[in-house]
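Reader: Could you walk me through some of the labels used for this model, and what stands behind them?
Author: Gladly, let's take them in turn.

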Amino acid sequence: MIIDCHGHYTTAPKALEEFRKRQIEGLKDPSSSPAKDSLPISDDQLRESLEGAQLKLQRNRGTDLTVFSPRAGGMGHHIGTAATSELWSGICNELIHRICTLYPENFVGVCQLPQSPGVRPDNCIAELERCVKEYGFIGCNLNPDPSGGYWTDPPLTDKWWYPLYEKMVELDVPAMVHVSASCNPNFHFTGAHYINADTTAFMQFLTSDLFRDFPTLKFVIPHGGGAVPYHWGRYRGIAQDMGRPPLKELLLNNVFFDTCVYHKPGIELLLKVIPADNILFASEMVGAVRGIDPETGHYYDDTKRYIDAIDWVSAADKEKIFQGNTRKVYSRLVARGA
(Lines give C-alpha, C1' and ligand atoms only; values in the text may rest on other atoms or scores of the structure.)
Protein backbone atom coordinates (compact mmCIF):
# COMPACT_ATOMS: atom_id res chain seq x y z
CA MET A 1 0.00 0.00 0.00
CA ILE A 2 1.14 3.55 -0.79
CA ILE A 3 -0.05 6.06 1.83
CA ASP A 4 0.15 9.79 1.09
CA CYS A 5 0.32 11.49 4.50
CA HIS A 6 -0.31 15.03 3.26
CA GLY A 7 -3.47 15.85 1.34
CA HIS A 8 -5.78 18.87 1.57
CA TYR A 9 -9.30 19.39 0.27
CA THR A 10 -8.31 22.09 -2.20
CA THR A 11 -11.10 21.32 -4.68
CA ALA A 12 -14.14 21.95 -2.47
CA PRO A 13 -17.36 23.15 -4.13
CA LYS A 14 -17.65 26.91 -4.62
CA ALA A 15 -20.41 26.98 -2.02
CA LEU A 16 -17.81 26.53 0.71
CA GLU A 17 -15.86 29.57 -0.48
CA GLU A 18 -19.06 31.61 -0.71
CA PHE A 19 -19.98 30.64 2.85
CA ARG A 20 -16.56 31.78 4.05
CA LYS A 21 -16.92 35.12 2.26
CA ARG A 22 -20.28 35.70 3.93
CA GLN A 23 -18.85 34.68 7.28
CA ILE A 24 -16.04 37.25 6.90
CA GLU A 25 -18.50 39.93 5.78
CA GLY A 26 -20.54 39.12 8.87
CA LEU A 27 -17.67 40.24 11.07
CA LYS A 28 -18.53 43.81 10.08
CA ASP A 29 -22.28 43.30 9.81
CA PRO A 30 -23.48 40.49 12.09
CA SER A 31 -26.92 40.56 10.46
CA SER A 32 -25.36 39.15 7.28
CA SER A 33 -23.47 36.36 9.05
CA PRO A 34 -24.54 32.96 7.64
CA ALA A 35 -25.94 30.17 9.78
CA LYS A 36 -24.11 26.86 9.80
CA ASP A 37 -27.04 25.07 8.17
CA SER A 38 -27.01 27.52 5.24
CA LEU A 39 -24.29 25.55 3.47
CA PRO A 40 -26.01 22.90 1.37
CA ILE A 41 -23.35 20.69 -0.25
CA SER A 42 -24.64 17.37 -1.53
CA ASP A 43 -22.79 14.06 -1.64
CA ASP A 44 -22.86 14.27 -5.42
CA GLN A 45 -21.09 17.63 -5.27
CA LEU A 46 -18.43 16.13 -3.03
CA ARG A 47 -17.95 13.24 -5.44
CA GLU A 48 -17.74 15.61 -8.41
CA SER A 49 -15.11 17.73 -6.64
CA LEU A 50 -12.86 14.69 -6.12
CA GLU A 51 -13.41 12.35 -9.07
CA GLY A 52 -11.58 14.53 -11.56
CA ALA A 53 -8.88 15.60 -9.12
CA GLN A 54 -7.55 13.72 -6.07
CA LEU A 55 -9.17 10.38 -6.92
CA LYS A 56 -8.05 10.55 -10.53
CA LEU A 57 -4.49 11.35 -9.47
CA GLN A 58 -4.47 8.55 -6.91
CA ARG A 59 -5.29 6.11 -9.69
CA ASN A 60 -2.86 7.62 -12.20
CA ARG A 61 0.06 7.83 -9.79
CA GLY A 62 -0.39 4.53 -8.02
CA THR A 63 -1.22 5.74 -4.52
CA ASP A 64 -3.87 4.09 -2.38
CA LEU A 65 -4.78 6.13 0.69
CA THR A 66 -4.51 9.86 1.42
CA VAL A 67 -4.41 11.36 4.89
CA PHE A 68 -6.83 14.18 4.15
CA SER A 69 -7.52 17.50 5.87
CA PRO A 70 -9.13 20.86 5.13
CA ARG A 71 -7.26 23.26 2.85
CA ALA A 72 -4.37 24.65 4.90
CA GLY A 73 -4.34 28.01 3.17
CA GLY A 74 -8.02 28.39 3.99
CA MET A 75 -7.76 27.78 7.74
CA GLY A 76 -7.40 31.55 8.21
CA HIS A 77 -6.89 31.49 11.96
CA HIS A 78 -6.06 35.20 11.93
CA ILE A 79 -9.57 36.07 10.73
CA GLY A 80 -12.22 37.07 13.24
CA THR A 81 -12.46 35.64 16.73
CA ALA A 82 -12.20 32.23 18.35
CA ALA A 83 -15.92 31.79 17.67
CA THR A 84 -15.32 32.52 13.97
CA SER A 85 -12.62 29.88 13.85
CA GLU A 86 -14.67 27.36 15.80
CA LEU A 87 -17.60 27.55 13.37
CA TRP A 88 -15.36 27.48 10.29
CA SER A 89 -13.20 24.61 11.54
CA GLY A 90 -16.24 22.54 12.45
CA ILE A 91 -17.73 22.97 8.98
CA CYS A 92 -14.46 22.11 7.23
CA ASN A 93 -13.91 19.05 9.41
CA GLU A 94 -17.44 17.80 8.78
CA LEU A 95 -16.81 17.91 5.03
CA ILE A 96 -13.65 15.84 5.48
CA HIS A 97 -15.63 13.34 7.55
CA ARG A 98 -18.27 13.07 4.83
CA ILE A 99 -15.58 12.49 2.20
CA CYS A 100 -13.96 9.78 4.31
CA THR A 101 -17.38 8.15 4.72
CA LEU A 102 -18.01 8.25 0.96
CA TYR A 103 -14.52 6.96 0.12
CA PRO A 104 -13.24 5.00 3.14
CA GLU A 105 -10.67 3.14 1.05
CA ASN A 106 -9.20 6.35 -0.35
CA PHE A 107 -9.20 8.92 2.46
CA VAL A 108 -8.68 9.08 6.20
CA GLY A 109 -9.23 12.31 8.10
CA VAL A 110 -7.02 14.80 9.89
CA CYS A 111 -8.66 17.81 11.49
CA GLN A 112 -8.27 21.55 11.36
CA LEU A 113 -8.04 23.07 14.84
CA PRO A 114 -10.07 26.19 15.79
CA GLN A 115 -7.03 28.26 16.67
CA SER A 116 -7.10 32.03 17.11
CA PRO A 117 -4.29 34.50 17.95
CA GLY A 118 -3.90 35.02 21.67
CA VAL A 119 -6.41 32.30 22.53
CA ARG A 120 -4.98 29.46 24.56
CA PRO A 121 -4.66 26.15 22.65
CA ASP A 122 -6.86 24.54 25.33
CA ASN A 123 -9.69 25.96 23.23
CA CYS A 124 -8.90 23.39 20.50
CA ILE A 125 -9.21 20.31 22.68
CA ALA A 126 -12.95 19.79 22.30
CA GLU A 127 -12.79 19.84 18.48
CA LEU A 128 -9.78 17.54 18.40
CA GLU A 129 -11.50 15.07 20.69
CA ARG A 130 -14.74 15.25 18.68
CA CYS A 131 -12.96 14.58 15.40
CA VAL A 132 -10.94 11.67 16.78
CA LYS A 133 -13.69 9.99 18.79
CA GLU A 134 -16.74 10.71 16.62
CA TYR A 135 -15.21 10.90 13.13
CA GLY A 136 -12.30 8.48 13.49
CA PHE A 137 -9.71 11.08 12.48
CA ILE A 138 -6.11 10.09 13.06
CA GLY A 139 -4.36 13.41 13.66
CA CYS A 140 -4.52 17.19 13.45
CA ASN A 141 -2.87 20.09 11.68
CA LEU A 142 -1.29 22.48 14.17
CA ASN A 143 -0.61 26.08 13.16
CA PRO A 144 2.46 27.45 14.98
CA ASP A 145 1.48 30.99 13.92
CA PRO A 146 -2.27 31.68 14.10
CA SER A 147 -1.56 35.38 13.51
CA GLY A 148 -0.88 34.74 9.82
CA GLY A 149 2.75 35.77 9.54
CA TYR A 150 3.36 37.95 12.61
CA TRP A 151 4.20 35.19 15.14
CA THR A 152 2.39 36.70 18.12
CA ASP A 153 1.86 33.48 20.09
CA PRO A 154 4.50 31.67 22.17
CA PRO A 155 6.81 29.09 20.53
CA LEU A 156 5.52 25.54 20.11
CA THR A 157 7.77 24.50 22.98
CA ASP A 158 6.21 26.90 25.50
CA LYS A 159 3.95 25.50 28.22
CA TRP A 160 1.17 27.57 26.63
CA TRP A 161 0.71 24.57 24.30
CA TYR A 162 1.03 21.81 26.91
CA PRO A 163 -2.69 21.12 27.57
CA LEU A 164 -3.18 20.43 23.85
CA TYR A 165 -0.13 18.17 23.81
CA GLU A 166 -1.45 16.28 26.81
CA LYS A 167 -4.66 15.58 24.89
CA MET A 168 -2.72 14.55 21.76
CA VAL A 169 -0.73 12.07 23.81
CA GLU A 170 -3.88 10.77 25.50
CA LEU A 171 -5.59 10.28 22.12
CA ASP A 172 -2.37 8.98 20.52
CA VAL A 173 -2.50 11.37 17.58
CA PRO A 174 0.33 13.34 15.95
CA ALA A 175 0.23 16.87 14.58
CA MET A 176 1.44 18.07 11.23
CA VAL A 177 2.99 21.50 11.76
CA HIS A 178 1.22 23.60 9.14
CA VAL A 179 0.66 27.34 8.92
CA SER A 180 -2.16 28.91 6.94
CA ALA A 181 -2.24 31.92 4.64
CA SER A 182 0.04 34.87 5.40
CA CYS A 183 -1.39 38.33 5.88
CA ASN A 184 2.13 39.74 6.26
CA PRO A 185 3.10 41.18 2.85
CA ASN A 186 6.72 40.21 3.42
CA PHE A 187 5.93 36.50 3.18
CA HIS A 188 4.35 34.77 0.21
CA PHE A 189 2.26 32.12 1.91
CA THR A 190 3.31 28.92 0.09
CA GLY A 191 6.73 30.03 -1.12
CA ALA A 192 8.02 31.66 2.06
CA HIS A 193 5.64 31.46 5.04
CA TYR A 194 5.19 27.68 4.81
CA ILE A 195 8.90 26.97 4.49
CA ASN A 196 9.77 29.53 7.18
CA ALA A 197 7.35 27.87 9.58
CA ASP A 198 8.70 24.38 8.93
CA THR A 199 12.23 25.58 9.65
CA THR A 200 11.17 27.63 12.67
CA ALA A 201 9.32 24.74 14.28
CA PHE A 202 12.36 22.50 13.91
CA MET A 203 14.62 25.10 15.52
CA GLN A 204 12.16 25.53 18.39
CA PHE A 205 12.23 21.79 19.00
CA LEU A 206 16.03 21.73 18.83
CA THR A 207 16.44 24.36 21.54
CA SER A 208 13.90 22.88 23.98
CA ASP A 209 13.31 19.91 26.23
CA LEU A 210 9.76 19.42 24.97
CA PHE A 211 10.25 15.73 24.26
CA ARG A 212 11.63 15.10 27.71
CA ASP A 213 8.26 16.29 28.98
CA PHE A 214 6.33 14.44 26.24
CA PRO A 215 8.42 11.44 25.14
CA THR A 216 5.63 9.99 22.94
CA LEU A 217 4.51 13.26 21.31
CA LYS A 218 4.93 13.20 17.52
CA PHE A 219 5.13 15.94 14.91
CA VAL A 220 5.37 15.79 11.13
CA ILE A 221 7.20 18.74 9.60
CA PRO A 222 5.95 18.99 6.00
CA HIS A 223 7.43 20.23 2.74
CA GLY A 224 10.56 18.18 3.29
CA GLY A 225 11.34 20.01 6.51
CA GLY A 226 11.76 23.45 4.96
CA ALA A 227 15.44 24.40 5.12
CA VAL A 228 16.31 21.65 7.59
CA PRO A 229 17.83 18.95 5.32
CA TYR A 230 19.82 21.50 3.33
CA HIS A 231 21.30 22.96 6.55
CA TRP A 232 21.56 19.75 8.60
CA GLY A 233 25.21 20.46 9.36
CA ARG A 234 24.31 23.91 10.67
CA TYR A 235 21.70 22.46 13.01
CA ARG A 236 24.01 19.70 14.20
CA GLY A 237 26.66 22.31 14.88
CA ILE A 238 24.26 24.65 16.71
CA ALA A 239 23.08 21.79 18.90
CA GLN A 240 26.69 20.84 19.61
CA ASP A 241 27.68 24.43 20.47
CA MET A 242 24.70 24.67 22.82
CA GLY A 243 25.64 21.47 24.59
CA ARG A 244 22.55 19.74 23.33
CA PRO A 245 22.43 15.99 22.58
CA PRO A 246 22.99 14.80 19.00
CA LEU A 247 19.96 15.48 16.81
CA LYS A 248 19.17 11.79 16.39
CA GLU A 249 18.89 11.40 20.15
CA LEU A 250 17.28 14.80 20.75
CA LEU A 251 14.58 14.88 18.06
CA LEU A 252 14.29 11.91 15.77
CA ASN A 253 12.10 9.79 18.04
CA ASN A 254 9.47 12.52 17.82
CA VAL A 255 9.97 14.59 14.65
CA PHE A 256 9.33 13.33 11.12
CA PHE A 257 9.49 14.84 7.64
CA ASP A 258 7.37 14.39 4.54
CA THR A 259 8.34 14.24 0.87
CA CYS A 260 6.49 17.30 -0.44
CA VAL A 261 9.60 18.37 -2.34
CA TYR A 262 8.94 19.01 -5.99
CA HIS A 263 12.10 18.00 -7.82
CA LYS A 264 14.22 14.85 -7.80
CA PRO A 265 17.46 16.47 -6.54
CA GLY A 266 15.57 17.82 -3.52
CA ILE A 267 14.11 14.39 -2.75
CA GLU A 268 17.58 12.85 -3.09
CA LEU A 269 19.01 15.36 -0.62
CA LEU A 270 16.20 14.63 1.85
CA LEU A 271 16.80 10.89 1.59
CA LYS A 272 20.58 11.26 1.95
CA VAL A 273 20.40 13.48 5.02
CA ILE A 274 17.37 12.35 7.02
CA PRO A 275 17.17 8.70 8.18
CA ALA A 276 14.65 6.63 6.25
CA ASP A 277 12.86 5.89 9.54
CA ASN A 278 11.88 9.58 9.76
CA ILE A 279 10.51 10.16 6.25
CA LEU A 280 6.84 9.83 5.31
CA PHE A 281 5.66 9.76 1.72
CA ALA A 282 3.51 12.75 0.78
CA SER A 283 2.62 14.80 -2.26
CA GLU A 284 0.13 17.52 -1.23
CA MET A 285 -1.34 16.95 -4.68
CA VAL A 286 -3.60 19.60 -6.16
CA GLY A 287 -1.94 21.92 -3.68
CA ALA A 288 0.71 24.62 -3.73
CA VAL A 289 2.28 23.55 -7.05
CA ARG A 290 -0.14 22.19 -9.63
CA GLY A 291 1.61 22.54 -12.96
CA ILE A 292 3.75 20.33 -15.17
CA ASP A 293 7.53 20.65 -14.99
CA PRO A 294 8.70 21.48 -18.55
CA GLU A 295 12.04 19.82 -17.82
CA THR A 296 10.45 16.42 -17.12
CA GLY A 297 6.99 16.57 -18.69
CA HIS A 298 5.46 15.40 -15.41
CA TYR A 299 3.58 17.14 -12.63
CA TYR A 300 5.83 18.73 -10.05
CA ASP A 301 3.80 17.20 -7.22
CA ASP A 302 4.06 13.62 -8.50
CA THR A 303 6.56 12.88 -5.75
CA LYS A 304 6.21 9.10 -5.95
CA ARG A 305 7.90 9.22 -9.35
CA TYR A 306 11.02 10.81 -7.83
CA ILE A 307 11.32 8.17 -5.10
CA ASP A 308 10.72 5.33 -7.54
CA ALA A 309 13.56 6.61 -9.73
CA ILE A 310 16.18 6.59 -6.94
CA ASP A 311 17.90 3.21 -7.19
CA TRP A 312 20.25 3.61 -4.20
CA VAL A 313 17.37 3.58 -1.70
CA SER A 314 16.69 -0.01 -0.65
CA ALA A 315 13.34 -1.70 -1.12
CA ALA A 316 13.06 -2.00 2.67
CA ASP A 317 13.57 1.74 3.13
CA LYS A 318 11.09 2.57 0.37
CA GLU A 319 8.55 0.35 2.12
CA LYS A 320 9.06 2.37 5.31
CA ILE A 321 8.71 5.65 3.44
CA PHE A 322 5.66 4.62 1.43
CA GLN A 323 3.65 3.15 4.29
CA GLY A 324 5.48 1.81 7.34
CA ASN A 325 6.47 5.13 8.86
CA THR A 326 3.03 6.64 8.35
CA ARG A 327 1.49 3.70 10.19
CA LYS A 328 4.02 4.24 12.99
CA VAL A 329 3.37 7.96 13.33
CA TYR A 330 -0.37 7.88 12.69
CA SER A 331 -0.90 4.83 14.86
CA ARG A 332 -4.68 5.08 14.68
CA LEU A 333 -4.40 3.92 11.07
CA VAL A 334 -3.57 0.47 12.39
CA ALA A 335 -6.43 0.57 14.87
CA ARG A 336 -8.90 1.32 12.05
CA GLY A 337 -7.54 -1.57 9.96
CA ALA A 338 -5.86 0.49 7.22
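Author: Let's start with two aromatic residues: Y165 is buried, and so is F214. Do keep in mind that this is a predicted model.

Reader: What makes Y165 and F214 an edge-to-face pair?
Author: Their ring centres lie 5.8 Å apart, with 85° between the planes. Rings pair if their centres lie within 6.5 Å, and planes over 60 degrees apart count as edge-to-face, so the label fits. Y165 sits in helix α6 and F214 in the loop between α8 and β7, 49 residues apart.

Reader: Why is the pair of Y165 and F219 called edge-to-face?
Author: The reasoning runs along similar lines: the values are 5.6 Å centre to centre and 80° between the planes, and the angle cut-off is over 60 degrees. Y165 belongs to helix α6 and F219 to strand β7, so this pair ties together parts 54 residues apart in sequence. Ring pairs also link Y162, Y165, F205, F211, F214 and F219 into a cluster.

Reader: How do you know whether S69 is buried or exposed?
Author: S69 has a relative accessible area of 3%. Buried means under 20%, so S69 counts as buried.

Reader: What makes the link between the side chains of S69 and H8 a polar contact?
Author: The distance is 2.9 Å, and the cut-off for such a pair of N or O atoms is within 3.5 Å. S69 is found in strand β2.

Reader: And which residue lies over the face of F322?
Author: That is K304, at 5.8 Å from the ring centre; the distance limit is within 6 Å.

Methods
Residues are numbered from 1 along each chain as its sequence is written. This is a predicted model: local features need pLDDT of at least 70, side-chain atom pairs count only at pLDDT 80 or more; totals for chains, interfaces and linings use all residues. Side-chain values use heavy atoms; hydrogens and water are left out. Helices (H or I, at least four residues) and strands (E, at least two) are DSSP runs, numbered from the N terminus. Buried means under 20% relative accessible area, exposed over 50%, partly exposed in between (1.4 Å probe, protein chains only). A polar contact is a pair of N or O atoms within 3.5 Å; within protein, one must be able to donate a hydrogen and the other to accept it, and residues adjacent in sequence count only if both atoms are side-chain atoms. Rings of Phe, Tyr and Trp (its six-membered ring) pair if their centres lie within 6.5 Å; planes under 30 degrees apart count as stacked, over 60 as edge-to-face and the rest as tilted. A charge sits over a ring if NZ of Lys or CZ of Arg is within 6 Å of the ring centre and within 35 degrees of the ring normal.
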